[in-house]
Amino acid sequence: MNQKTWSVNIVIDEHKSAETGAQTRARARLRTSGRAAFVGTGLARRNPRHTDVPEVSDDMAAARALADLSHQLYEAAAQREAVTRSALTSARAAVFGRRRSSA
């Protein structure tokens with residue numbers, strides 16, 4: 001069995017500004033075996049009524065970062081699949097083209 005382990009690290013921080021109030025940002029970094037890392041970002045505004053429960057905005061920001069990360073990984077896989085399909089189609093055309101021309 002060929003097993004691989006990928007790790008996701010999520011860093012959460014908070015920023016305060018006059019325009020947006022308290023805003024929580026999460027960055028989810030995926031480390032894969034031997035490939036470039038992917039980084040997803042998620043933001044959440046803290047509801048002023050929820051000052052006693054900061055975990056809500058942490059959870060929302062982390063969930064959005066993971067969703068962003070998921071989208072990036074899906075897009076990268078779709079691009080690799082398209083390149084692979086194109087290469088296979090070209091290879092098949094070359095093989096079948098040679099068979100037909102030699103017949």
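User: Which residue forms a salt bridge with Arg25, and how far apart are the closest N and O atoms?

Analyst: The general idea is that side chains of opposite charge can pair when their charged atoms come close. In this model, which is predicted, Arg25 forms a salt bridge with Asp13, and the closest N and O atoms of the two are 2.9 Å apart. Arg25 lies in strand E2 and Asp13 in strand E1, which covers residues 7-17, so the pair ties together parts that are twelve residues apart in sequence.

User: How many salt bridges does the structure hold, and is Arg25 buried or exposed?

Analyst: The structure holds one salt bridge. As for Arg25, a residue is called buried under 20% relative accessible area and exposed over 50%, with partly exposed in between; Arg25 counts as partly exposed because its relative accessibility is 22%. Its partner Asp13, at 24% relative accessibility, counts as partly exposed too.

User: Before going further, which elements does the protein have, and in what order do they run?

Analyst: Reading the elements along the chain gives a map on which single residues can be placed. Here the secondary structure comes to three strands and one helix, and from the N terminus on the order is β-β-β-α. Strand E2 spans residues 21-31, strand E3 spans 38-45, and helix H1 spans residues 55-102.

User: What share of the residues counts as buried, and what supplies the exposed area?

Analyst: Such totals describe the whole chain rather than one site. Of the 103 residues of the protein, 16% count as buried, while about 7900 Å² is exposed, with carbon and sulfur atoms supplying 54% of that area. Among the contacts with a separation of 6 or more, 41% are accounted for by residues 24 or more positions apart.

User: Which residues make up the largest nonpolar core?

Analyst: To read a core, one looks for buried nonpolar residues that are joined through their side chains. The largest one in this protein has ten residues, namely Ala26, Ala28, Leu30, Phe38, Ala44, Ala61, Ala62, Ala65, Leu69 and Ala76. The elements that give two or more residues to this core are E2, E3 and H1, and the largest share, five residues, comes from H1.

User: Taking Ala28 from that core, why is it called buried, and which residues does it contact?

Analyst: Ala28 is called buried because its relative accessible area is 0%. Ala28 is found in strand E2, and, leaving aside neighbours within four places in sequence, its contacts are Val8, Asn9, Ile10, Phe38, Val39, Gly40, Ala65, Leu66 and Leu69.

User: How far is Ala28 from Ser7 in space, and which residues does Ser7 touch?

Analyst: Distance along the chain and distance in space are separate readings, and it helps to set them side by side. Ala28 and Ser7 are 21 residues apart in sequence and 10.0 Å apart in space, C-alpha to C-alpha, whereas the C-alpha atoms of Ser7 and Leu30, 23 residues apart along the chain, are separated by 5.8 Å. Ser7 has its place in strand E1, and, not counting residues up to four places away in sequence, Ser7 touches Arg29, Leu30 and Arg31. With a relative accessible area of 42%, Ser7 is partly exposed.

User: Which side chain makes a polar contact with the side chain of Ser57?

Analyst: A polar contact is read from a pair of N or O atoms, and here the side chain of Ser57 makes one with the side chain of Thr24, at 3.1 Å. Ser57 lies in helix H1 and Thr24 in strand E2. Ser57 is buried, with a relative accessible area of 5%, and Thr24 counts as buried at 1% relative accessibility. Beyond neighbours up to four places away in sequence, Ser57 touches Thr24, Ala44 and Arg46, while the residues touched by Thr24 include Ile12, Asp13, Gly42 and Ala61.

User: Which residues form the nonpolar patch on the surface?

Analyst: A patch is read on the outside, from nonpolar residues that keep some accessible area. Val8, Ile10, Ile12 and Leu66 form this one, with about 290 Å² of accessible area together. E1 gives the most to the patch, with three residues, while Leu66 is found in helix H1 and is partly exposed, with a relative accessible area of 38%.

Conventions: Residues are numbered from 1 along each chain as its sequence is written. This is a predicted model: local features need pLDDT of at least 70, side-chain atom pairs count only at pLDDT 80 or more; totals for chains, interfaces and linings use all residues. Side-chain values use heavy atoms; hydrogens and water are left out. Helices (H or I, at least four residues) and strands (E, at least two) are DSSP runs, numbered from the N terminus. Buried means under 20% relative accessible area, exposed over 50%, partly exposed in between (1.4 Å probe, protein chains only). Contact means heavy atoms within 4.5 Å. Accessible areas come from the Shrake-Rupley method with a 1.4 Å probe; for residues, only the protein chains shown count as cover. A polar contact is a pair of N or O atoms within 3.5 Å; within protein, one must be able to donate a hydrogen and the other to accept it, and residues adjacent in sequence count only if both atoms are side-chain atoms. A salt bridge is a side-chain nitrogen of Lys or Arg within 4 Å of a carboxyl oxygen of Asp or Glu. A nonpolar core is a set of buried Ala, Val, Leu, Ile, Met, Phe, Trp, Tyr and Cys residues joined through side-chain atoms within 4.5 Å. Patches are made of residues with over 30% relative accessible area and no salt bridge: like charges are joined within 9 Å, nonpolar side chains (Val, Leu, Ile, Met, Phe, Trp, Tyr) within 5 Å.
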